[in-house]
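Reader: I've got this model open on my screen and I'd like a close look at one glycine, then a walk outward from there. Could you take me through it in plain bench talk?

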Amino acid sequence: MSEIIVVYDGQCELCKNSINWVSKKLAITALDFHTTDLARLNLSKEQCSKEVFALHEQLRLSGAQAVAFLLKARGNKFLAATISGLGPLSHFGYKWIASHRNTWPVKLLSHLIRINS
């Protein structure tokens, strides 16, 4: 498999913990959008401040689609299929989590991911 680039928010605990967890079983190049030359990836700070991006060959996925892709590539096919199958509901869930990073449910999720890394 060729390189998978993940552009994420390196200031977000959930994002950092998720990247660490994914990288335990999947070789990725994780780039914090705050310190990356986004222009070379054809991305903007505005885009990256709203959602994660997974870039692989000709694919350019964001948000819930990027999460599902990374899970599938990592070997978590059931979870990836669930996220993909839920379609708009997954998109809504991703947006809710991204905009509620400081709530206890998101902090709990981040903690659970961290202890399983």
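Author: G63 is buried, with a relative accessible area of just 1%; "buried" here stands for under 20% relative accessible area, "exposed" for over 50%, and "partly exposed" for what falls in between, using a 1.4 Å probe and protein chains only. This glycine sits in helix 3, which covers residues 63-74. Helices are DSSP runs of H or I with at least four residues, strands are runs of E with at least two, and both are numbered from the N terminus.

Before going on, a word on what you're looking at: this is a predicted model, where local features need pLDDT of at least 70, side-chain atom pairs count only at pLDDT 80 or more, and totals for chains, interfaces and linings use all residues. Residues are numbered from 1 along each chain as its sequence is written, and side-chain values use heavy atoms, with hydrogens and water left out.

Back to G63. Leaving aside neighbours within four places in sequence, G63 is in contact with E51, V52 and Y94, where contact means heavy atoms within 4.5 Å. For a sense of distance, G63 and A30 are 33 residues apart in sequence, and their C-alpha atoms are 15 Å apart in space.

Now go to helix 5, residues 88-99, where you'll find S90. S90 is buried at 12% relative accessible area. Beyond the neighbours within four places, S90 is in contact with A64, T82 and I83. S99 is found in helix 5 too, but S99 counts as exposed, at 53% relative accessibility. From S99 to S62 you count 37 residues in sequence and 15 Å in space, C-alpha to C-alpha.

Over in strand 1, residues 4-8, look at I5. I5 is buried, with a relative accessible area of 15%. Once its neighbours within four places are set aside, I5 is in contact with T29, L31, L41, F53, A54 and L55. K45 is 40 residues away from I5 along the chain, and 16 Å separate their C-alpha atoms.

Two loop residues deserve a click as well. As a rule, most residues other than glycine have a negative phi. N42 has a positive phi, near 60°, and is not a glycine. You'll find N42 in the loop between strand 2 (29-32) and helix 2 (45-48), and at 60% relative accessibility N42 counts as exposed. E57 also isn't a glycine, and its phi is positive at about 50°. E57 lies in the loop between strand 3 (53-56) and strand 4 (59-62), and with 61% relative accessibility E57 counts as exposed.

If you're thinking about cysteines, the structure holds zero disulfides, a disulfide being a pair of cysteine sulfur atoms within 2.5 Å. Take C48: its sulfur is 11 Å from the closest cysteine sulfur, the one in C15, so that is too far for a bond. C48 counts as buried, at 3% relative accessibility.

Now zoom out to the whole chain. The protein chain has six helices and four strands, and read along the sequence the pattern goes β-α-β-α-β-β-α-α-α-α. A compact globule of 117 residues would have a radius of gyration near 13 Å, and the protein chain's 13 Å agrees with that; the radius is taken over C-alpha atoms, and the globule rule is 2.2 Å times the number of residues to the power 0.38. Along the principal axes, the C-alpha trace spans about 35 × 30 × 30 Å.

Buried residues make up 39% of the 117. Of the contacts with a separation of 6 or more, 53% come from residues 24 or more positions apart. On the surface side, the protein chain exposes about 7,200 Å², with carbon and sulfur atoms supplying 57% of it; those areas come from the Shrake-Rupley method with a 1.4 Å probe, and for residues only the protein chains shown count as cover.

Last, the charges. There are 14 positive and 8 negative side chains, and the centres of the two sets lie 8 Å apart. Lys and Arg count as positive and Asp and Glu as negative, while His and the chain ends are not counted; each charge is placed at NZ of Lys, CZ of Arg, CG of Asp or CD of Glu.
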